[in-house]
Amino acid sequence: MTALRYVYAVCRPFGAPLQAELTGVGGAPAKLVHHHGLVAVVSAVPERDFAEEPLRAHLEDLDWLSATARGHQQVIDALTAVTTPLPLRLATVFRDDSGVRVMIEEREEDFRRTLDRLEGRVEWGVKVYVETGSDAREDTAAPAPAKPASGRDYLMQRRRRARADDDAWQRAERFAARLHSLLSERADAARLHPPQNPALSRASGKNVLNAAYLVPRGQSEEFVEIVDRTKGEESGMRVELTGPWAAYSFVDPDVAEGGGSGGESGTATDRDTEEERS
(Lines give C-alpha, C1' and ligand atoms only; values in the text may rest on other atoms or scores of the structure.)
Protein backbone atom coordinates (compact mmCIF):
# COMPACT_ATOMS: atom_id res chain seq x y z
CA MET A 1 0.00 0.00 0.00
CA THR A 2 1.47 3.38 -1.04
CA ALA A 3 1.64 6.00 1.70
CA LEU A 4 1.32 9.73 1.09
CA ARG A 5 2.43 12.53 3.41
CA TYR A 6 -0.27 14.41 5.31
CA VAL A 7 1.08 17.80 6.48
CA TYR A 8 -0.38 19.34 9.64
CA ALA A 9 1.73 22.42 10.17
CA VAL A 10 5.03 24.18 9.56
CA CYS A 11 7.05 25.57 12.44
CA ARG A 12 10.58 26.41 13.48
CA PRO A 13 12.73 23.72 15.11
CA PHE A 14 11.81 23.27 18.75
CA GLY A 15 13.58 21.63 21.65
CA ALA A 16 10.66 20.33 23.69
CA PRO A 17 9.64 16.78 22.74
CA LEU A 18 6.23 15.96 21.35
CA GLN A 19 4.11 13.41 23.15
CA ALA A 20 5.80 10.04 22.74
CA GLU A 21 2.67 8.38 21.42
CA LEU A 22 1.28 11.31 19.44
CA THR A 23 -0.86 10.12 16.54
CA GLY A 24 -2.77 12.03 13.93
CA VAL A 25 -5.08 11.22 11.05
CA GLY A 26 -5.94 7.54 10.90
CA GLY A 27 -3.93 6.84 14.05
CA ALA A 28 -0.59 7.27 12.24
CA PRO A 29 2.34 8.61 14.30
CA ALA A 30 3.46 12.17 13.61
CA LYS A 31 7.03 12.82 12.50
CA LEU A 32 9.15 15.85 11.63
CA VAL A 33 10.58 16.72 8.22
CA HIS A 34 13.38 19.30 8.58
CA HIS A 35 14.32 21.54 5.66
CA HIS A 36 15.91 25.00 5.29
CA GLY A 37 15.64 25.67 9.01
CA LEU A 38 11.92 24.93 9.09
CA VAL A 39 10.00 21.85 10.21
CA ALA A 40 6.96 20.25 8.60
CA VAL A 41 4.96 17.98 10.90
CA VAL A 42 3.62 15.06 8.87
CA SER A 43 2.25 11.54 9.06
CA ALA A 44 1.77 8.76 6.53
CA VAL A 45 -1.73 8.29 5.10
CA PRO A 46 -2.93 5.68 2.57
CA GLU A 47 -3.16 6.63 -1.06
CA ARG A 48 -6.46 4.77 -1.36
CA ASP A 49 -8.04 7.43 0.85
CA PHE A 50 -5.97 10.54 0.21
CA ALA A 51 -5.14 10.49 -3.49
CA GLU A 52 -7.01 13.23 -5.34
CA GLU A 53 -10.04 11.24 -6.53
CA PRO A 54 -10.84 9.25 -3.35
CA LEU A 55 -10.16 12.33 -1.21
CA ARG A 56 -12.67 14.35 -3.20
CA ALA A 57 -15.29 11.69 -2.51
CA HIS A 58 -14.36 11.45 1.18
CA LEU A 59 -14.82 15.18 1.64
CA GLU A 60 -18.55 14.64 1.05
CA ASP A 61 -18.66 12.11 3.91
CA LEU A 62 -19.25 14.06 7.13
CA ASP A 63 -18.34 11.16 9.41
CA TRP A 64 -15.03 10.60 7.62
CA LEU A 65 -14.36 14.33 7.52
CA SER A 66 -15.07 14.71 11.25
CA ALA A 67 -12.73 11.85 12.16
CA THR A 68 -9.99 13.31 9.95
CA ALA A 69 -10.48 16.75 11.50
CA ARG A 70 -10.13 15.31 15.01
CA GLY A 71 -6.86 13.59 14.11
CA HIS A 72 -5.62 16.79 12.49
CA GLN A 73 -6.52 18.91 15.51
CA GLN A 74 -4.93 16.45 17.92
CA VAL A 75 -1.54 17.06 16.31
CA ILE A 76 -2.04 20.84 16.15
CA ASP A 77 -2.98 20.94 19.84
CA ALA A 78 0.14 18.97 20.77
CA LEU A 79 2.31 21.35 18.74
CA THR A 80 0.68 24.42 20.28
CA ALA A 81 1.74 23.16 23.73
CA VAL A 82 5.44 23.18 22.80
CA THR A 83 5.90 25.72 19.98
CA THR A 84 4.16 28.17 17.65
CA PRO A 85 2.80 26.22 14.68
CA LEU A 86 1.59 27.60 11.39
CA PRO A 87 -1.33 25.23 10.77
CA LEU A 88 -2.02 24.15 7.21
CA ARG A 89 -5.45 23.34 5.90
CA LEU A 90 -7.20 20.08 6.53
CA ALA A 91 -6.18 17.36 4.06
CA THR A 92 -3.02 18.97 2.72
CA VAL A 93 -1.31 15.95 1.17
CA PHE A 94 1.95 15.38 -0.74
CA ARG A 95 3.38 12.41 -2.53
CA ASP A 96 6.42 11.96 -0.28
CA ASP A 97 8.92 13.78 1.93
CA SER A 98 10.56 15.28 -1.16
CA GLY A 99 7.26 16.90 -2.11
CA VAL A 100 7.01 18.34 1.40
CA ARG A 101 10.51 19.80 1.12
CA VAL A 102 9.70 21.37 -2.24
CA MET A 103 6.60 22.93 -0.68
CA ILE A 104 8.74 24.42 2.11
CA GLU A 105 11.17 25.91 -0.43
CA GLU A 106 8.37 27.39 -2.53
CA ARG A 107 6.60 29.01 0.44
CA GLU A 108 9.61 29.63 2.67
CA GLU A 109 9.35 33.43 2.65
CA ASP A 110 5.62 33.35 3.45
CA PHE A 111 6.12 30.77 6.19
CA ARG A 112 8.91 32.72 7.88
CA ARG A 113 7.03 36.01 7.73
CA THR A 114 3.90 34.43 9.22
CA LEU A 115 5.84 32.58 11.93
CA ASP A 116 7.53 35.86 12.90
CA ARG A 117 4.09 37.44 13.36
CA LEU A 118 2.66 34.51 15.33
CA GLU A 119 5.72 33.72 17.48
CA GLY A 120 4.83 33.38 21.16
CA ARG A 121 1.15 34.01 20.55
CA VAL A 122 -2.02 31.92 20.75
CA GLU A 123 -5.59 32.38 19.63
CA TRP A 124 -8.52 32.77 22.01
CA GLY A 125 -12.12 32.60 20.83
CA VAL A 126 -14.94 34.60 22.42
CA LYS A 127 -18.63 34.28 21.65
CA VAL A 128 -21.61 36.18 22.99
CA TYR A 129 -25.11 34.70 22.79
CA VAL A 130 -28.36 36.47 23.55
CA GLU A 131 -31.25 34.42 24.86
CA THR A 132 -34.51 35.66 23.39
CA GLY A 133 -38.08 34.49 23.22
CA SER A 134 -38.55 30.91 24.42
CA ASP A 135 -34.84 30.56 25.28
CA ALA A 136 -34.96 33.45 27.74
CA ARG A 137 -38.24 32.32 29.27
CA GLU A 138 -36.94 28.80 29.78
CA ASP A 139 -33.69 30.04 31.34
CA THR A 140 -35.44 32.35 33.81
CA ALA A 141 -38.27 29.91 34.53
CA ALA A 142 -40.75 32.73 33.87
CA PRO A 143 -44.42 31.69 33.83
CA ALA A 144 -45.97 31.16 30.43
CA PRO A 145 -48.16 34.07 29.29
CA ALA A 146 -51.88 33.67 29.76
CA LYS A 147 -53.77 32.18 26.87
CA PRO A 148 -55.11 35.06 24.74
CA ALA A 149 -58.82 35.60 25.10
CA SER A 150 -59.23 36.92 21.58
CA GLY A 151 -57.44 37.45 18.32
CA ARG A 152 -56.68 41.01 19.38
CA ASP A 153 -55.06 39.80 22.61
CA TYR A 154 -53.03 37.26 20.62
CA LEU A 155 -51.68 39.96 18.29
CA MET A 156 -50.81 42.20 21.25
CA GLN A 157 -48.86 39.36 22.88
CA ARG A 158 -46.99 38.77 19.63
CA ARG A 159 -46.07 42.47 19.39
CA ARG A 160 -44.87 42.57 23.00
CA ARG A 161 -42.68 39.49 22.47
CA ALA A 162 -41.28 40.95 19.26
CA ARG A 163 -40.44 44.25 20.98
CA ALA A 164 -38.81 42.41 23.89
CA ASP A 165 -36.71 40.33 21.48
CA ASP A 166 -35.68 43.45 19.54
CA ASP A 167 -34.70 45.25 22.75
CA ALA A 168 -32.68 42.24 23.94
CA TRP A 169 -30.90 41.97 20.59
CA GLN A 170 -29.97 45.65 20.51
CA ARG A 171 -28.73 45.48 24.10
CA ALA A 172 -26.67 42.40 23.21
CA GLU A 173 -25.14 44.12 20.19
CA ARG A 174 -24.09 47.08 22.33
CA PHE A 175 -22.61 44.74 24.94
CA ALA A 176 -20.79 42.69 22.31
CA ALA A 177 -19.35 45.82 20.69
CA ARG A 178 -18.02 47.06 24.03
CA LEU A 179 -16.53 43.67 24.86
CA HIS A 180 -14.90 43.32 21.46
CA SER A 181 -13.36 46.78 21.77
CA LEU A 182 -12.04 45.98 25.26
CA LEU A 183 -10.55 42.63 24.23
CA SER A 184 -9.06 44.03 21.02
CA GLU A 185 -7.07 46.49 23.12
CA ARG A 186 -5.58 43.52 25.02
CA ALA A 187 -4.70 41.55 21.88
CA ASP A 188 -2.13 41.96 19.13
CA ALA A 189 -4.82 41.34 16.52
CA ALA A 190 -8.52 40.49 16.35
CA ARG A 191 -10.82 38.89 13.78
CA LEU A 192 -14.60 39.00 13.59
CA HIS A 193 -16.14 35.81 12.17
CA PRO A 194 -19.73 35.52 10.91
CA PRO A 195 -22.25 34.57 13.61
CA GLN A 196 -22.60 30.82 13.96
CA ASN A 197 -25.57 28.99 12.56
CA PRO A 198 -27.42 27.52 15.59
CA ALA A 199 -28.49 24.52 13.51
CA LEU A 200 -24.79 23.62 13.09
CA SER A 201 -23.39 24.75 16.44
CA ARG A 202 -26.37 23.40 18.43
CA ALA A 203 -25.82 26.25 20.87
CA SER A 204 -28.82 27.88 22.49
CA GLY A 205 -29.56 31.53 21.85
CA LYS A 206 -28.51 33.79 19.00
CA ASN A 207 -24.82 34.35 18.37
CA VAL A 208 -24.17 38.10 18.36
CA LEU A 209 -20.35 37.99 18.64
CA ASN A 210 -18.00 35.38 17.20
CA ALA A 211 -14.46 36.71 17.46
CA ALA A 212 -10.86 35.52 17.66
CA TYR A 213 -8.00 37.29 19.39
CA LEU A 214 -4.25 36.85 18.94
CA VAL A 215 -2.75 37.14 22.42
CA PRO A 216 0.85 36.76 23.66
CA ARG A 217 1.14 33.65 25.82
CA GLY A 218 2.45 35.70 28.73
CA GLN A 219 -0.68 37.88 28.70
CA SER A 220 -3.19 35.08 28.28
CA GLU A 221 -4.00 34.78 31.98
CA GLU A 222 -4.95 38.47 32.15
CA PHE A 223 -7.00 38.13 28.96
CA VAL A 224 -8.93 35.17 30.38
CA GLU A 225 -9.60 37.06 33.62
CA ILE A 226 -11.07 39.98 31.68
CA VAL A 227 -13.42 37.68 29.80
CA ASP A 228 -14.41 35.86 32.99
CA ARG A 229 -15.35 39.16 34.64
CA THR A 230 -17.87 39.88 31.89
CA LYS A 231 -19.75 36.61 32.40
CA GLY A 232 -23.06 37.35 34.11
CA GLU A 233 -22.56 41.09 33.64
CA GLU A 234 -25.65 41.34 31.44
CA SER A 235 -28.78 39.29 32.08
CA GLY A 236 -30.02 37.18 29.22
CA MET A 237 -26.55 36.97 27.66
CA ARG A 238 -23.94 34.24 27.69
CA VAL A 239 -20.21 34.75 27.13
CA GLU A 240 -18.15 31.74 26.05
CA LEU A 241 -14.35 31.55 25.92
CA THR A 242 -12.36 28.86 24.08
CA GLY A 243 -8.65 28.30 23.65
CA PRO A 244 -5.79 28.59 23.65
CA TRP A 245 -5.56 27.47 20.04
CA ALA A 246 -3.06 27.64 17.22
CA ALA A 247 -3.64 30.92 15.41
CA TYR A 248 -5.84 29.63 12.57
CA SER A 249 -7.73 32.91 12.27
CA PHE A 250 -4.51 34.87 11.76
CA VAL A 251 -2.92 32.79 9.01
CA ASP A 252 -3.47 34.06 5.49
CA PRO A 253 -5.54 31.49 3.55
CA ASP A 254 -2.93 31.41 0.76
CA VAL A 255 -0.22 30.56 3.28
CA ALA A 256 -2.38 27.92 4.99
CA GLU A 257 -2.93 26.30 1.60
CA GLY A 258 0.70 25.25 1.70
CA GLY A 259 1.31 25.61 -2.03
CA GLY A 260 2.36 22.57 -4.01
CA SER A 261 4.49 21.23 -6.83
CA GLY A 262 4.64 18.28 -9.12
CA GLY A 263 4.22 14.77 -7.81
CA GLU A 264 1.81 15.22 -4.92
CA SER A 265 -1.92 15.06 -4.76
CA GLY A 266 -1.88 18.70 -3.73
CA THR A 267 -5.38 18.65 -2.26
CA ALA A 268 -6.46 20.95 0.54
CA THR A 269 -9.75 22.06 1.98
CA ASP A 270 -11.00 24.32 4.74
CA ARG A 271 -10.58 23.03 8.25
CA ASP A 272 -13.84 21.61 9.57
CA THR A 273 -13.34 21.90 13.31
CA GLU A 274 -14.52 25.42 13.92
CA GLU A 275 -17.22 24.27 16.31
CA GLU A 276 -14.69 22.34 18.37
CA ARG A 277 -12.13 25.16 18.30
CA SER A 278 -14.14 28.28 18.89
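Which residues of the largest nonpolar core touch the most other members? In this predicted model, they are Tyr6, Tyr8, Val45 and Phe50, in a core of 25 residues. Strands β1 (3–11) and β3 and helix α3 each supply at least two residues of this core. The largest share, seven residues, comes from α3. As a general background, nonpolar side chains tend to be buried together in soluble globular proteins.

Let's take Val45 as a way in. Leaving out residues up to four places away in sequence, Val45 touches Thr2, Ala3, Leu4, Tyr6, Val25, Phe50 and Val93. Two of the names from the opening answer, Tyr6 and Phe50, are among them.

Ser43 is a good next stop, and it lies in strand β3 (residues 38–46). Is Ser43 buried or exposed? Its relative accessibility is 2%, so Ser43 counts as buried. The side chain of Ser43 has a polar partner there: it makes a polar contact with the side chain of Tyr8, at 2.7 Å. Setting aside neighbours within four places in sequence, Ser43 is also in contact with other residues, including Leu4, Arg5 and Tyr6, as well as Ala28, Pro29 and Ala30.

Now turn to helix α3, which covers residues 62–80. With 19 residues at 1.5 Å a residue, α3 should span 27 Å, and its end C-alpha atoms are 26 Å apart, which agrees. At the start of the helix, a side-chain oxygen of Asp61 reaches to within 3.1 Å of the backbone nitrogen of Asp63. Many positions along α3 are buried, among them Trp64, Leu65, Thr68, Ala69, His72, Val75, Ile76 and Leu79. An α-helix has 3.6 residues a turn, so residues three or four places apart point the same way. That is a handy thought to keep while you look along the buried positions such as Leu65, Thr68, His72 and Ile76.

There is also a second, separate core, made of 23 residues, which includes Val128, Ala172, Phe223 and Val239.

Strand β8 (residues 206–216) is worth following next. Why can β8 be called largely enclosed by the rest of the structure? The reason is that 10 of its 11 residues are buried. Strand β6 (residues 121–130) runs antiparallel to β8, and 10 bridges join the two. To find this pairing on screen, look for Val122, whose bridge partner in β8 is Val215. Strand β7 (residues 189–192) also pairs with β8 in the antiparallel sense, over four bridges. Here Ala190 is a useful marker, with Tyr213 as its bridge partner in β8.

Finally, a few backbone details deserve a look. The peptide bond from Gly243 to Pro244 is cis, with omega near 0°, and Pro244 sits in strand β9 (residues 237–245). Two residues that are not glycine have a positive phi: His36, near 55°, and Ala91, at about 65°. Each is found in a loop: His36 between β2 (31–35) and β3, and Ala91 between β4 (86–87) and β5 (93–94). Their surroundings can be described too. His36 has 41% relative accessibility and therefore counts as partly exposed, whereas Ala91, at 1%, counts as buried.

Terms used:
Residues numbered from 1 in each chain as written. Predicted model: local features only at pLDDT ≥ 70, side-chain atom pairs only at ≥ 80, totals over all residues. Heavy atoms only, no water. Buried < 20%, exposed > 50% of the residue type's maximum accessible area, 1.4 Å probe, protein only. Pairing = 2+ DSSP bridges. Polar contact = N/O pair within 3.5 Å; in protein donor to acceptor, adjacent residues only side chain to side chain. Contact = heavy atoms within 4.5 Å. Expected span 1.5 Å × (residues − 1). Core = buried A, V, L, I, M, F, W, Y, C linked by side-chain atoms within 4.5 Å.
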